[in-house]
Amino acid sequence: RFLKYKLEEQDIKTEIHFLSIDDKIDFNKYDFYYIGTGSRENQELVLNDISKYKDDIKKAIDDNKYFLVTGNALELFGNKIISDENETNALEIFDFETKNEEFRIVGEQFYETDLINQKIIGFQNRDCVMTKVDTPLFSVIKGTGFNPNENNEGIKMNNFYGSYLLGPILVRNPYLTDCLVKQICKENDIKYKKPNYDDECYIAYSEYLKNFHENQE
């Protein structure tokens, strides 16, 4: 909804379709795909359902369609999901693997990215670590990366953006959202209009950074 709001600020008409298990997905029809976190049980159901679209998803990423994938939904796009009980083949879009651990990674995260000058904030609550990532999205300033010993997090490939960050990520990071919107405008030959930085989303972002830095002193 926040992305829709920001696109409509640019006079870009948007239409959102909420799709679920067993719904038919026409990958020629949509420009932007979002999938968010869910329970471990639902993750298995989703993987079984979208596996039939594996080739369509690969082609859509190669064709620079936009994907925003957050939380444990990101695990679907790797090679394997490993737990004590079993090893599940995922979509094999990327080479990374995820492994369930007995510990949880929970807390606020503070990152940076090459996409924008502003910092990235968000929250993690996960029981998986990730290995074999070639194209990270974020660098860790404070918090946790792919695993407790890593200083990178997230995936970026073409217009695919994936991260364990919750928050939700776009609302909490309006400058990151603006970066995506600006890119969409450029690709569609639409003149980008600077947003109103008095909007409450920018104020909330600035307040968080202020409180974060004060708490570190």
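How many bridges join β5 to strand β6, and in which sense do the two run? Eleven bridges join them, and the strands run antiparallel. This is a predicted model, so take what follows as a tour of computed features. The tour goes from the partners of β5 to Asn-100, then on to a pocket, a four-stranded sheet and a cavity.

**β5 and its partners**
- Strand β6 covers residues 120-131, and one place to look at its pairing with β5 is Gln-109, whose bridge partner in β6 is Gly-122.
- β5 also pairs with strand β3 (residues 80-82); here the two run parallel, and three bridges join them.
- For a landmark on that side, find Lys-80, which stands opposite Glu-97 in β5.
- With strand β7 (residues 138-142), β5 goes back to the antiparallel sense, over three bridges.
- Phe-110 is a handy marker for this pairing, since it faces Lys-142 in β7.
- As a general reminder, strands in a sheet pair through hydrogen bonds of the backbone, in either a parallel or an antiparallel way.

**Asn-100, a residue to click on**
- Asn-100 sits in strand β5.
- Is Asn-100 buried or exposed? Its relative accessible area is 16%, and because the cut-off for buried is under 20%, Asn-100 counts as buried.
- Leaving out residues up to four places away in sequence, Asn-100 touches Arg-40, Ile-81, Ile-82, Ser-83, Asp-127 and Cys-128.
- Of those contacts, Ile-81 and Ile-82 fall within the 80-82 stretch of β3, while Asp-127 and Cys-128 fall within the 120-131 stretch of β6.

**The second largest pocket**
- Asn-100 turns up again here: along with Arg-40, Ser-83, Glu-85 and Asn-86, it lies nearest the centre of the second largest pocket, which has 16 lining residues.
- The volume of this pocket is about 350 Å³.
- Two elements give two or more residues to its lining, namely α2 (40-50) and β5 (97-112).
- Which element has the largest share of that lining? It's α2, with five residues.
- Sorted by class, the lining has eight charged, five polar and three nonpolar residues.

**The four-stranded sheet**
- An open sheet with mixed pairing has its four strands in the order β1-β2-β10-β9.
- Its edges are β1 (32-35) and β9 (155-157), each of which pairs on one side only.
- Ignoring direction, neighbouring strands in this sheet are turned by 5° against each other on average.
- Strand β2 (residues 66-70) pairs with β10 in the parallel sense, over four bridges.
- To find that pairing on screen, go to Thr-70, which stands opposite Ser-163 in β10.

**The largest cavity**
- How many cavities of 30 Å³ or more are there? The count comes to one.
- The largest cavity holds about 60 Å³ of space.
- Ser-163 is part of its lining, together with Leu-68, Leu-137, Phe-138, Tyr-161, Gly-162, Ile-169, Leu-170, Leu-176 and Leu-180.
- β10 (160-163), α4 (169-172) and α5 (174-187) each supply at least two of the lining residues.
- β10 has the largest share, with three residues.
- By class, the lining of this cavity has eight nonpolar residues, two polar ones and no charged ones.

How values were computed: Residues are numbered from 1 along each chain as its sequence is written. This is a predicted model: local features need pLDDT of at least 70, side-chain atom pairs count only at pLDDT 80 or more; totals for chains, interfaces and linings use all residues. Side-chain values use heavy atoms; hydrogens and water are left out. On a 1 Å grid over the protein atoms alone, a cavity is a set of points where a 1.4 Å probe fits but cannot get out, and a pocket is an open set with protein on both sides within 12 Å along at least five of seven lines; lining residues have an atom within 4 Å of a point. Grid points are joined across faces, edges and corners, and a volume is the space filled by probe spheres set on the points. Ala, Val, Leu, Ile, Met, Phe, Trp, Tyr, Cys and Pro count as nonpolar, Asp, Glu, Lys and Arg as charged, and the others, Gly among them, as polar. Two strands pair if DSSP finds at least two bridges between them. Axes are lines fitted to C-alpha atoms, for helices over the stretch in contact, and angles run from 0 to 180 degrees between N-to-C directions. Buried means under 20% relative accessible area, exposed over 50%, partly exposed in between (1.4 Å probe, protein chains only). Contact means heavy atoms within 4.5 Å.
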